[in-house]
Protein chains: 2
Amino acid sequence: MNEPHPLASGDKSQGTSKKTAIETVQEQIRERVISGALGPGERLHVDKLRLEFGVSTSTMREAISRLLIDGLVTSEQQRGFRVAPLTLKDFRDITDARKMIEAQALRISLSNRSDVWEADLVAAYHRLSRIEERLIGEGKPEFAHDWDTWNSNFHDCLVQNCDNAWLKRFRRTLHQHSYRYHRRLIGDRSLPRDVRIEHKAIFDTAIAGDIEACVAAIEAHIEKSYTDLTQQHDLSE
Amino acid sequence: MNEPHPLASGDKSQGTSKKTAIETVQEQIRERVISGALGPGERLHVDKLRLEFGVSTSTMREAISRLLIDGLVTSEQQRGFRVAPLTLKDFRDITDARKMIEAQALRISLSNRSDVWEADLVAAYHRLSRIEERLIGEGKPEFAHDWDTWNSNFHDCLVQNCDNAWLKRFRRTLHQHSYRYHRRLIGDRSLPRDVRIEHKAIFDTAIAGDIEACVAAIEAHIEKSYTDLTQQHDLSE
DNA sequence: TTGGCAAAAATAATCGTTTTTTATTTGACG
DNA sequence: CGTCAAATAAAAAACGATTATTTTTGCCAA
């Protein structure tokens with residue numbers, strides 16, 4: 001099933017940058033972890049992966065090591081690497097931490113608003129809205145992947161003007177993990193609920209400059225996403 | 001000046017655990033970065049370090065890679081690793097993030113109080129107090145290193161019962177960076193100010209179970225540490 | 001002089017193998 | 001039959017050499 005695919009062949013990424021082998025592999029493994037192709041708790045067999053990707057041991061080890069940065073994999077004394085587990089408690093903790101950190105990043109970002117930012121946000125919201133109409137109204141699940149992209153883009157845009165690099169970093173890490181839970185719990189169906197109202201509330205308050213209302217909307221949005229996913233689904237399947 | 005020191009020779013660590021070479025090297029490099037032996041922005045020459053520590057290229061690279069986890073080192077496309085820079089803005093951001101995250105971790109921890117925790121805290125505070133008396137009262141700077149240890153221990157103890165692993169992780173990362181600024185700004189002098197009153201306030205409110213007072217005390221403590229250090233000293237020296 | 005250009009040096013990235021450690025099987029003995 | 005331990009298999013960690021990239025240096029012409 002898994003034929004080798006040397007790095008030289010498929011250059012699907014953006015034209016200019018020639019990435020290092022480590023980075024390429026790192027991204028692929030990251031995608032597998034988030035998508036669930038590598039399941040939670042599963043061991044990462046350096047040698048097998050190495051052969052599959054057509055790289056050397058050290059390259060593969062370093063690539064995997066870098067996923068330790070955002071906690072997608074864990075490492076244990078002399079027993080290799082392992083995909084980070086998924087637990088309900090962990091999802092709860094992520095949700096709590098996200099609410100706090102995202103809220104603060106948003107406060108800072110909104111208090112640094114600019115014309116460019118406003119234009120970006122309008123654009124991001126517009127694109128997201130269009131996708132959501134198609135997804136929910138017309139029931140076209142083929143846009144699910146686009147939704148992920150533009151939803152992320154919209155939320156990134158909101159905190160774009162937050163100049164605290166640490167908050168942004170933590171936010172990014174948590175979002176990544178959250179997204180992994182989503183992928184796991186949602187399966188292949190489309191949106192779990194109608195998020196259009198929530199996004200509209202966030203957008204409107206952001207544009208209006210009502211910081212605390214916007215923060216409240218984001219917190220509710222994050223919390224709702226947790227409740228919604230965990231009520232209908234099960235992690236131990 | 002730097003003669004090679006093979007790993008086999010000096011086994012200064014705790015007896016039981018036999019650490020992997022990567023971990024040993026990682027810790028040593030971390031110590032150098034935090035202490036300033038490797039200066040901010042400085043490049044990490046894999047080959048030089050490798051020879052100095054008596055390990056191979058890949059071992060050294062992986063060790064350094066793991067410092068990317070907590071941001072003590074940065075990496076750039078085809079131009080190796082570099083010690084994370086120190087800037088005033090960064091210290092400000094760290095301080096803000098710490099105040100928020102430490103405060104929340106403390107709230108959670110204090111609301112999960114237990115007898116064991118209380119005993120641990122009393123002990124930790126006691127030891128810290130003794131050191132501080134010697135350091136400030138009797139003016140014995142030889143206890144500075146012990147102070148670092150027990151100060152850390154006291155603060156760790158406070159958030160010990162916080163069960164949100166993410167908050168703890170972020171807290172740990174930020175603390176580490178904060179400490180690096182301290183080391184840089186304090187130089188070789190002893191305590192920058194009399195922190196005994198602050199520690200007492202934190203301890204008393206924690207024991208009394210007054211969560212919000214304790215949170216306020218911690219926030220003030222963190223902020224004061226920033227103000228104090230940045231007023232007297234200079235990062236660009 | 002100086003401003004590019006190319007050869008040389010330095011350094012980063014990658015490689016495939018060897019050594020060490022841990023996990024699994026098997027077989028003798030209680 | 002069950003337990004323990006030696007033998008074997010599997011996998012992780014460490015190695016040092018090779019290849020690719022970037023930076024420096026030194027030369028020549030504008």
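The exercises below work through the contact between chain A and chain B and some links within chain A, in a predicted model.

**Exercise 1. State how many residues each chain gives to the contact and how much area is buried.**

Solution. Start with the residues: chain A gives 36 and chain B gives 36. Next take the area. The two chains bury about 2800 Å² between them, and 56% of this is on carbon and sulfur atoms. Then look for the main contributors on chain A. A:Met100, A:Trp166 and A:Phe170 supply 23% of the area that chain A buries against chain B, more than any other three residues.

**Exercise 2. Count the polar links between the chains, then describe the side of chain A that touches chain B.**

Solution. Between chain A and chain B there are 4 salt bridges. One salt bridge joins the side chains of B:Lys89 and A:Asp163, at 3.7 Å from N to O; the pair qualifies because the cut-off is 4 Å. The residue pairs in polar contact number 17, both residues being at pLDDT 80 or more.

Now turn to the elements. On the side of chain A that touches chain B, at least two residues each come from helix H1 (21-35), helix H3 (57-65), helix H4 (88-111) and helix H7 (165-186). H4(A) has the largest share, with 9 residues. Sorted by class, this side of chain A holds 13 nonpolar, 10 polar and 13 charged residues.

**Exercise 3. Classify the crossing of H7(A) with helix H4 (residues 88-111) of chain B, and list the residues that make the contact.**

Solution. First, the geometry: the two axes come within 8 Å and cross at roughly 55°. H7(A) is therefore oblique to H4(B), because angles under 35 degrees count as roughly parallel and those from 65 to 115 as roughly perpendicular.

Second, the residues. H7(A) contributes A:Ala165, A:Trp166, A:Leu167 and A:Phe170. From H4(B) come B:Asp90, B:Asp93, B:Ile94, B:Ala97, B:Met100 and B:Ile101.

Third, the classes: 8 of the contact residues are nonpolar, none is polar and 2 are charged.

**Exercise 4. Which residues pair with A:Glu223 and A:Arg107 in salt bridges, and which helices do these pairs link?**

Solution. Over all chains the count is 38 salt bridges. A:Glu223 pairs with A:Arg92, the closest N and O atoms being 2.9 Å apart. A:Glu223 is in helix H9 (residues 211-232) of chain A and A:Arg92 is in helix H4 of chain A, 131 residues apart. A:Arg107 pairs with A:Glu212, also at 2.9 Å from N to O. Here A:Arg107 is in helix H4 of chain A and A:Glu212 in helix H9 of chain A, with their positions 105 residues apart in sequence.

**Exercise 5. Locate A:Pro85 and list its contacts beyond four places in sequence.**

Solution. A:Pro85 lies in the loop between strand E3 (81-83) and H4 of chain A. Leaving out residues up to four places away, A:Pro85 touches A:Pro40, A:Gly41, A:Asp90, A:Arg180 and A:Tyr181. As a further step, take A:Gly39: A:Pro85 and A:Gly39 are 46 residues apart in sequence and 8.2 Å apart in space, C-alpha to C-alpha.

Conventions. Residues are numbered from 1 along each chain as its sequence is written. Chains are lettered from A and ligands numbered from 1 in the order in which they are written. This is a predicted model: local features need pLDDT of at least 70, side-chain atom pairs count only at pLDDT 80 or more; totals for chains, interfaces and linings use all residues. Side-chain values use heavy atoms; hydrogens and water are left out. Contact means heavy atoms within 4.5 Å. Buried area is the accessible area (1.4 Å probe) that two parts lose on being put together, summed over both. A polar contact is a pair of N or O atoms within 3.5 Å; within protein, one must be able to donate a hydrogen and the other to accept it, and residues adjacent in sequence count only if both atoms are side-chain atoms. Ala, Val, Leu, Ile, Met, Phe, Trp, Tyr, Cys and Pro count as nonpolar, Asp, Glu, Lys and Arg as charged, and the others, Gly among them, as polar. Axes are lines fitted to C-alpha atoms, for helices over the stretch in contact, and angles run from 0 to 180 degrees between N-to-C directions. Angles under 35 degrees count as roughly parallel, over 145 as roughly antiparallel, 65 to 115 as roughly perpendicular and the rest as oblique.
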